[in-house]
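Could you walk me through this structure, with the reasoning behind each local feature spelled out? I would like to follow along in a viewer.

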Amino acid sequence: MPVPWFLLSLALGRSPVVLSLERLMGLQDTVHCSRDLSCHLWEGDMLCLPGSIVSTVGPILVPTRLQTELVLRCHQETDCDLCVRVAVHLAVHGHWKEPEDEEKFGGAADPELEEPRNVSLQAQVVLSFQAYPSTRCILLEVQVPATLVQPGQSVGSVVYDCFEAALGSEVRIWSYTQPRYQKELNITQQLPDCRGLEVRDSIQSCWALPWLNMSADGDNVRLVLDVSEEQHFGLSLYWNQVQGPPKPWWHKNLTGPQTITLNFTDLVPCLCIQVWPLEPDSVRTSICPFKDDPRAHRNLWRAAQLQLLPSQSWRLDAPCSLSAEAVLCWQAPGWGSCQPLVPPLSWENVTVNKARKFPVLKGHPNLCVQVNSWEKLQLQECLWADSLGPLKDDMLLVETRGLQDNRSLCALEPSGCILLPSRASTRAARLGEELLQDLQSGQCLQLWDDDMGALWACPMDKYIHKRWALAWLACLLLVSALFLLLLFKRDHVKGWLRLLKQDIRLGAAARGRAALLLYSADDAGFERLVGALASALCRLPLRVAVDLWSRRELSAQGPLAWFHAQRRQTLQEGGTVVLLFTPGAVALCGEWLQDGAAAPGAHSPHDAFAASLSCVLPDFLQGRAPGRYVGACFDGLLHPDAVPTLFRTVPVFSLPSQLPDFLGALQRPGAPRPGGLREMAEQVSRALQPALVSCFQPSGIPGPDAGWDLGRGTGLE
C-alpha cells in the first residue's frame, strides 16, 4: 500500500539508486579485447555511413550483442566527466563453401581449397554514438585466430573506452561491420544526473546544483531550496506529457534559500519540478515526485473535464495523460444512474486533449458521456445540456438488426431493455403499441444508425398529459369548490387572505428562483458586503449560490469545476448569473479581453470570478448572455459606465439605488407589482447598510508577505 506523500519528508536531491563508478585517468580513447583476439582503434573519427547489406561467401566476423557501462574519465582527482564504455560481443557466422566436384564425385578436395580454412578472420567494426548535441563514429579493427574460426561460435568481445556525454542525457549506440553483412545492432543508455551519482563531488557541474527538500504542512506541500544566499538559480514547475513537449505551469528565477508552498489540490501525477543554477551550460535536475501518489491521481480526475466541440465532437481535457475508456449513456429524468449504450455501442479508449467524434447523428440532452478507468466510473457529463436544455422525459428505443432483414426493438428502462411489444408491468411495456406507432409515423428522433442497429428517442409528454388529464380536472374542481366556500365565508378568513396577499406580493413570485453571485474578492470589506447581499436575497426568498458559502466544495473541486457545476444548475433551473463589478473585477476583465488570460499571481485560490471568466466570456462573445446574466455594482464604488462595453449587453444595475429594477430582473416572469418590489428593495437595502458603511471605511495596508506570492488560483502561494 503506497504511503501518502504528506506523511513523508522527501529529499529531492537523493535517488533510490546511487551509482559508484570506475575512474579512468587521461583523455585518450582506448580499446582492449578478449584473450586470443587482437584489436586496434583507428585514429580519428570516421563518417557515419552504414551502407547497404552485402552478401559474402564463407565465414564472417559480426557483432552479436552490445553491452554498456558508465565510468568516469578524470583529468584530475576532482575534475571528471561521465563516460560510456561499450563492449561489442563477436561471433563467427557462415560456412566454408564445399567444392562442387568433391560433392558430386566424392573425390578428395584440392589442397589449394583447403588452405583458406586454416586462416584467421578479420573484421572492421563501427561504433556510432548519438547524444545531443554531438555525434561520433569510430572504427575498430579486430582479428580472430584460425583456431577460433568455428561457424556459429562466439569468439569474445572488444571493449571501447569511452564516449563522453552530458549528465542526464540519452545516448544511442549502433554497431555494424564495414562492409555491412547484417542489420546493425543498437542500444540506448540513459545517463543519470547528479542525484544518482555517489561521486558527484568529483563532477564540477554538480557542485553548484541547488538541492530540494519536500515536506508536508497541513493541506500544503513545502519545497525548501537549500542553496547559498548569493546563488542565483531557476525553478520551473511543469506537466510532463507522454506525447509532445512538457507543458509549463510556472517558472521563476530566484536567489538564495527559498520556501515554496504548493496547495495539495494542485498536485497531479505528471507535475514535475526542475531546478538549475543560472550559469552557462548548467545541469538541470528534474523530478516527478507525485506520479505514484493516489491523492495526486484523484486530483487529476477532479481537474479533468469533458468539452463539447463543434461538428459533433468532444474532448477530454486534463493536465496529464490518463488510462481511460469512454462510451455514450442515456440519462433519463429520475433515473439514479446513466445507462451505458453497450451494446449496440462499444467502449473506446480515450486520448487526453484529443478531439473525438460522437457516433451519433444528432445530439440529445439525455445523451451523456461516461469515462471509466480500471472499470471504475470517474467522469460523467451530459454535454448537450447547456445547448439543448434540461433532460427530457423521452423513451429510448434500441433497434437491433440481424440476418435476413430481421430486426427487434426494445425500450431502455432502469431495469434493462424491454422488448416491444411485451406484457411486462413497466411503463414502456404498457405503452408498447403506441411507441411502435410513433416510430412508424416518424414522431421519434433517430440518434444513431448503422448496419447493426439504430437508436430512437420518442417523446413521452403526450402520454403523461393524457394520463393525468382527469386527475388535473378533479383537482381544479376541488379548488373551485374551496374557492367558492371561502368567498361565502370571507369574513372568517379575511385575515388569512391578507397574509396570503402579502406573501404573494413579497416573495411568492420569486420563490425557488436561483441566483449565482460572482465577484472579485478585492478586500475583506467587500466580501462582507457580498455576504450581506446574498443573505438578504435568501430571505426574499431566492436560492443563492456564492463561493463564500462553498469554501469546502471550492477547495475539493477547484474554482473552475465549482463554477461550471453551479452555472449549469442555475441556468437549468431558469435562474440568473449575477456579475458584481468592482474596480478589481473591471481590471481583471480588461486583462482577459486584452491578453486572453488573467495574469498569474493576482487572485485568491478561491476566486470563482477569475476562474469563471473562461466560461463567462464565450457566452457574451457569442450572444448567449441576455436572459441569463445581469450585472451590478455598488453606488460610490464603481459607476455603471466603467463596466466594459462587452458586459453592458445585459442590464447593469447600481445598488442600492436601483434595487427594485435589480430584484425585478431576478424574479420569474409575470408576478411582482411595483409596490411589492419597493418593499422587497427596502428590506434588502436595510440589510446592506451596515456592510456598506464598513466597506467604505478606510482599511489598513496589509503587511508584507514573508514568502513568495506565486499566484492565487494556481495554488502556488
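The paragraphs below go from a sheet to ring pairs, a buried acid, a helix and some backbone details.

Please keep in mind that this is a predicted model. Let us begin with an open sheet of five strands, whose order is β4-β8-β7-β10-β11 and whose pairing is antiparallel. The edges are taken by β4 (38–41) and β11 (185–190); each has a single partner strand, so one side of each is left without a neighbour in the sheet. From one strand to the next, the twist averages 20°. Within this sheet, β7 (residues 121–131) and β10 (residues 170–177) pair in the antiparallel sense over six bridges. If you would like a register point to check, Val125 stands opposite Thr177 in β10.

Next come the aromatic rings, where the count is eleven aromatic pairs. In one of them, the ring centres of Phe129 and Phe163 are 4.6 Å apart and the planes are at 10°, so the pair is stacked, given that planes under 30 degrees apart count as such. Phe129 belongs to strand β7 and Phe163 to strand β9 (residues 154–164), so this pair ties together parts that are 34 residues apart in sequence. Are these two residues buried or exposed? Phe129 has 0% relative accessibility and counts as buried, and Phe163, at 2%, counts as buried too.

Another pair is formed by Phe358 and Trp384, with ring centres 4.6 Å apart but planes at 40°, so this one is tilted. Phe358 sits in the loop between β24 (356–357) and β25 (367–373), while Trp384 sits in the loop between β26 (376–381) and α4 (385–388), so the pair ties together parts that are 26 residues apart in sequence. Phe358 is buried, with a relative accessible area of 7%, and Trp384 is likewise buried at 7%. Elsewhere, ring pairs link Phe581, Phe620, Tyr629 and Phe647 into a cluster.

Now turn to Glu399, placed in strand β27 (residues 394–401). With 3% relative accessibility, Glu399 counts as buried, because the cut-off for that is under 20%. What does the side chain of Glu399 join in a polar contact? The partner is the side chain of Arg401, at 3.2 Å. Leaving aside residues up to four places away in sequence, Glu399 touches Arg407, Ser408, Leu409, Met452, Gly453, Ala454 and Trp456.

For a helix, have a look at α9 (residues 524–538). Its 15 residues reach 21 Å from the first C-alpha to the last, close to the 21 Å expected at 1.5 Å a residue. At the N-terminal end, Asp523 acts as a cap for α9: one of its side-chain oxygens lies 3.1 Å from the backbone nitrogen of Gly525. Buried residues in α9 include Gly525, Phe526, Leu529, Val530, Leu533 and Leu537.

Finally, some backbone geometry. Most residues other than glycine have a negative phi, and most peptide bonds are trans. A cis peptide bond, however, joins Asp161 and Cys162, with omega about -15°; Cys162 is in strand β9. The bond from Gln178 to Pro179 is also cis, with omega near 0°, and Pro179 lies in the loop between β10 and β11. As for phi, Trp374 has a positive value of about 55°, and Glu375 a positive value of about 65°. Trp374 is in the loop between β25 and β26, as is Glu375. Trp374 is exposed, at 75% relative accessible area, and Glu375 is exposed at 77%.

Key
Residues are numbered from 1 along each chain as its sequence is written. This is a predicted model: local features need pLDDT of at least 70, side-chain atom pairs count only at pLDDT 80 or more; totals for chains, interfaces and linings use all residues. Side-chain values use heavy atoms; hydrogens and water are left out. Two strands pair if DSSP finds at least two bridges between them. Helices (H or I, at least four residues) and strands (E, at least two) are DSSP runs, numbered from the N terminus. Axes are lines fitted to C-alpha atoms, for helices over the stretch in contact, and angles run from 0 to 180 degrees between N-to-C directions. Rings of Phe, Tyr and Trp (its six-membered ring) pair if their centres lie within 6.5 Å; planes under 30 degrees apart count as stacked, over 60 as edge-to-face and the rest as tilted. Buried means under 20% relative accessible area, exposed over 50%, partly exposed in between (1.4 Å probe, protein chains only). A polar contact is a pair of N or O atoms within 3.5 Å; within protein, one must be able to donate a hydrogen and the other to accept it, and residues adjacent in sequence count only if both atoms are side-chain atoms. Contact means heavy atoms within 4.5 Å. The expected span of a helix is 1.5 Å times one less than its number of residues.
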